[in-house]
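Dear colleague,

I am handing over the structure we spoke about, and below it I have set out what I found when going through it. Please read the notes with the coordinates open beside you.

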Amino acid sequence: MGKVIAVANQKGGVGKTTSSINLAASLAATEHPTLLIDIDPQANCTSGIGIDPRTTSSSTYEVLIGDVPFEDAILSTDLPFLDVVPSHINLVGAEIEMIDVLERERILKNALLRTRRKYDFIVIDCPPSLGLLTLNSLTAANSVLIPVQAEYFALEGLGQLLNTIKIVRQHLNPELEIEGVLLTMFDTRLRLSNQVANEVRRYFGDKVFRTIVQRNVRLSEAPSFGKPVLLYDATSMGARNYIGLAREILHNNQRFLQRPEEVQEEVSADTNGFGARYSEASTPANGFTL
Ligand SMILES: Nc1ncnc2c1ncn2[C@@H]1O[C@H](COP(=O)(O)OP(=O)(O)OP(=O)(O)O)[C@@H](O)[C@H]1O
Ligand SMILES: [Mg+2]
């Protein structure tokens, strides 16, 4: 039963896609079957993992509008333990097309039900908005990973995101946790980066990952070669940072990973089929409440 982690922040360019690709690749490198889902019409995640979004016949778009079953949209990648569900520019129109659908915020969650069993982790790359696509991701997820760029105005807009998480908990997904806040594009030469890190820590406390992703040119080059940084330059700082993040997430989810059978039993005993107690088993030790 996979742990679903939505990578979300409605602010653009903070490192959502870079973190989704490289976290998923690093988890897969530790031989944990991992699925990467691109739910952003920009399809940066899709091309960044080496798939041309113009040539895919089944994508998150077809899944969300109900044209193809989720399993049919899964593609394999160059990494043995990593699969991907690509995006397509058509996804731009999906929010409108889904408007009349009953329970439109739960489409992805329902689509994932059967597939979740095949993976240890499912990482969803969200678009830079708090619209229906992000809502679907937060509803399907066990937790949300929030990348925050170590820059001026880092915390700007995070109130809105936290408020959305609160609303999702109240109405759609009471079990949604904060997996952690990830500082990205950290520049060790700048005092500003340290000031921002301190401010983010003051605000989020122990919910901030110990791992910090430094600004690293290899991370920005890798997508143009359609590769996670691990396959592009495994010794780079960027590769090391995301391996560190994967280790931290594995550590925080030990209880969930060590007891899959027990979790499975709890889930099958759950009549909703979604396993209310499942996320209890996967809750990180440092539980964060808003
Ligand atoms: N640690 C890093 N070091 C250097 N460049 C980075 C790093 N992280 C991300 N970038 C670059 O910054 C840009 C924005 O990153 P990314 O696409 O991951 O952000 P995003 O939040 O997914 O953006 P969007 O909101 O448009 O989806 C990209 O060009 C990416 O290559
Ligand atoms: Mg992106």
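Leu36 has its bridge partner in β4 at Val84, and in β5 the partner of this same Leu36 is Val123. Please keep in mind throughout that this is a predicted model. The strand that holds these pairings together is β2 (residues 34-38), which is joined to β4 (residues 82-85) by 4 bridges, the two running parallel, and to β5 (residues 121-125) by 5 bridges, again in parallel. How many of the residues of β2 are buried? The count is 5 of the 5, so the strand is largely enclosed by the rest of the structure. Both of its faces are covered, with Thr34, Leu36 and Asp38 buried on one side and Leu35 and Ile37 buried on the other.

For the wider setting, the protein chain contains 14 helices and 7 strands, and buried residues account for 49% of its 290 residues. If one takes the contacts between residues at least 6 apart in sequence, 77% of them join residues at least 24 apart.

Two loop residues on either side of β4 illustrate such separations along the chain. Thr77 is found in the loop between β3 (75-76) and β4, and it is buried, with 22 other C-beta atoms within 10 Å. Leaving aside residues up to four places away in sequence, Thr77 touches Ile49, Gly50, Leu82, Asp83 and Val84; the last of these, Val84, is also the bridge partner of Leu36 in β4. Between Thr77 and Gly50 there are 7.9 Å from C-alpha to C-alpha, although they stand 27 residues apart in sequence.

Leu91, for its part, lies in the loop between β4 and α4. Is Leu91 buried or exposed? With 25 C-beta neighbours inside 10 Å, Leu91 counts as buried. Its contacts, again not counting residues up to four places away in sequence, are with Pro41, Thr60 and Tyr61, and its C-alpha atom is separated by 8.8 Å from that of Leu64, which is 27 residues away along the chain. Leu64 also appears in a pair with Glu97, the two being 33 residues apart in sequence and 9.3 Å apart in space, C-alpha to C-alpha. Glu97 is found in helix α4 (residues 94-97), and, with 16 C-beta neighbours inside 10 Å, Glu97 counts as partly exposed.

I turn next to the surroundings of ligand 1. Of the 19 residues around it, those that come nearest are Lys16, Thr17, Thr18, Pro128 and Ser220, and the residues of this shell divide into 5 nonpolar, 11 polar and 3 charged. Which helices each supply at least two residues of the shell? They are α1 (16-29) and α9 (217-221), and α1 gives the most, with 3 residues.

Helix α1 deserves a few words of its own. Its 14 residues should span 20 Å at 1.5 Å a residue, and its end C-alpha atoms are indeed 20 Å apart. All of it is covered, in that 14 of the 14 residues are buried, so α1 is largely enclosed by the rest of the structure. The helix is followed by Glu31, which has a positive phi, near 65 degrees.

Helix α8 (residues 191-204) also has 14 residues, and it reaches 20 Å from its first C-alpha to its last, close to the 20 Å expected at 1.5 Å a residue. Its buried residues are Ser193, Val196 and Val200. They cover an arc of only 65 degrees around the axis, which puts them on the same side of α8. The general background is that an α-helix has 3.6 residues a turn, so residues three or four places apart point the same way. What covers the buried residues of α8 includes β6 (143-149) and β7 (177-184), whereas on the other side of the helix Arg191, Asn198 and Arg202 are exposed. After α8 comes Gly205, whose phi is positive, near 60 degrees.

With best wishes

Key: Residues are numbered from 1 along each chain as its sequence is written. Chains are lettered from A and ligands numbered from 1 in the order in which they are written. This is a predicted model: local features need pLDDT of at least 70, side-chain atom pairs count only at pLDDT 80 or more; totals for chains, interfaces and linings use all residues. The expected span of a helix is 1.5 Å times one less than its number of residues. A residue is buried if 20 or more other C-beta atoms lie within 10 Å of its own, exposed if 12 or fewer, and partly exposed in between; C-beta atoms are placed from the backbone. The arc is that of the directions from the helix axis to the C-beta atoms. Two residues are in contact if their C-beta atoms, placed from the backbone, lie within 7 Å. A residue is near a molecule or strand if its C-beta atom, placed from the backbone, lies within 6 Å of it. Ala, Val, Leu, Ile, Met, Phe, Trp, Tyr, Cys and Pro count as nonpolar, Asp, Glu, Lys and Arg as charged, and the others, Gly among them, as polar. Two strands pair if DSSP finds at least two bridges between them.
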